[in-house]
Amino acid sequence: MGDIVKIKSDQFIPADLLILHTSDPKGCCYVETKNLDGETNLKIKTAQKDLNSVFISEEHLRKIEGEIICEKPNGAIHKFEGNIKVS
């Protein structure tokens, strides 16, 4: 079982996360990865297009059921493989 985390601007989150939705219509957000790779520039990350349109509000998130199947933790910080099934 996992948790859904709401992150606001300028918060630090010491965890790997799957981006489900952003406030940007295209699903973009900016992430600083200096604790992982030493780089201080912001990286553009995006929620997958279909996810950004499904996860639209906090109330909606409370009602969604699904499953995320993904690879085990590893050192590949620029790659992620997984699938999500949402009912």
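How exposed is leucine 17, in terms of its relative accessibility? In this predicted model, leucine 17 counts as partly exposed, because its relative accessibility is 44%, which places the residue between the cut-offs of under 20% for buried and over 50% for exposed. Leucine 17 belongs to the segment before β1, and together with Val5, Ile7 and Ile13 it forms a nonpolar patch on the surface, the four residues having about 310 Å² of accessible area together.

The segment before β1 also holds aspartate 10, a residue whose backbone deserves a careful look. Aspartate 10 has a positive phi of about 70°, although it is not a glycine. Its relative accessible area is 71%, and therefore aspartate 10 is classed as exposed, the cut-off for that class being over 50%. Further along, proline 14 likewise lies in the segment before β1, the strand that covers residues 28-32. Proline 14 is exposed because its relative accessible area is 85%. In space, proline 14 can be related to asparagine 35: the two residues are 21 positions apart in sequence, while their C-alpha atoms are 8.6 Å apart.

From the segment before β1 we turn to strand β2, which comprises residues 42-46 and includes lysine 43. Lysine 43 has a relative accessible area of 15% and is therefore buried, since the cut-off for that class is under 20%. Leaving aside residues up to four places away in sequence, lysine 43 touches Cys29, Tyr30, Val31, Thr33 and Asp37. One of these neighbours, threonine 33, is joined to lysine 43 by a polar contact of 2.8 Å between the side chains. A second polar contact, of 3.3 Å, joins the side chain of lysine 43 to that of glutamate 39. Lysine 43 is also part of a network of salt bridges, in which it is linked with Asp37 and Glu39.

Why might such charged side chains be found together? Side chains of opposite charge can pair when their charged atoms come close. By the distance rule used here, the count comes to five salt bridges, and several of them can be followed individually. The side chains of lysine 34 and glutamate 32 meet in one of these, with an N to O distance of 3.9 Å. Lysine 34 counts as partly exposed because its relative accessibility is 41%, and glutamate 32, at 36% relative accessibility, is therefore also described as partly exposed.

Another set of charged residues is arranged around lysine 79. The side chain of lysine 79 meets that of glutamate 71 in a salt bridge, at 3.9 Å from N to O, and lysine 79 forms a salt bridge with glutamate 81 as well, where the closest N and O atoms are 3.4 Å apart. Lysine 79 itself is partly exposed, with a relative accessibility of 45%. Of its partners, glutamate 71 counts as partly exposed at 25% relative accessibility, and glutamate 81 is partly exposed with a relative accessible area of 47%.

Set beside one another, these residues give a picture of the model in which lysine 43 is buried and linked with Asp37 and Glu39 in a network of salt bridges, whereas lysine 79 is partly exposed. In the segment before β1, aspartate 10 is exposed, as is proline 14, while leucine 17 is partly exposed and contributes to the nonpolar surface patch.

Notes:
Residues are numbered from 1 along each chain as its sequence is written. This is a predicted model: local features need pLDDT of at least 70, side-chain atom pairs count only at pLDDT 80 or more; totals for chains, interfaces and linings use all residues. Side-chain values use heavy atoms; hydrogens and water are left out. Helices (H or I, at least four residues) and strands (E, at least two) are DSSP runs, numbered from the N terminus. Buried means under 20% relative accessible area, exposed over 50%, partly exposed in between (1.4 Å probe, protein chains only). A polar contact is a pair of N or O atoms within 3.5 Å; within protein, one must be able to donate a hydrogen and the other to accept it, and residues adjacent in sequence count only if both atoms are side-chain atoms. Contact means heavy atoms within 4.5 Å. Patches are made of residues with over 30% relative accessible area and no salt bridge: like charges are joined within 9 Å, nonpolar side chains (Val, Leu, Ile, Met, Phe, Trp, Tyr) within 5 Å. Accessible areas come from the Shrake-Rupley method with a 1.4 Å probe; for residues, only the protein chains shown count as cover.
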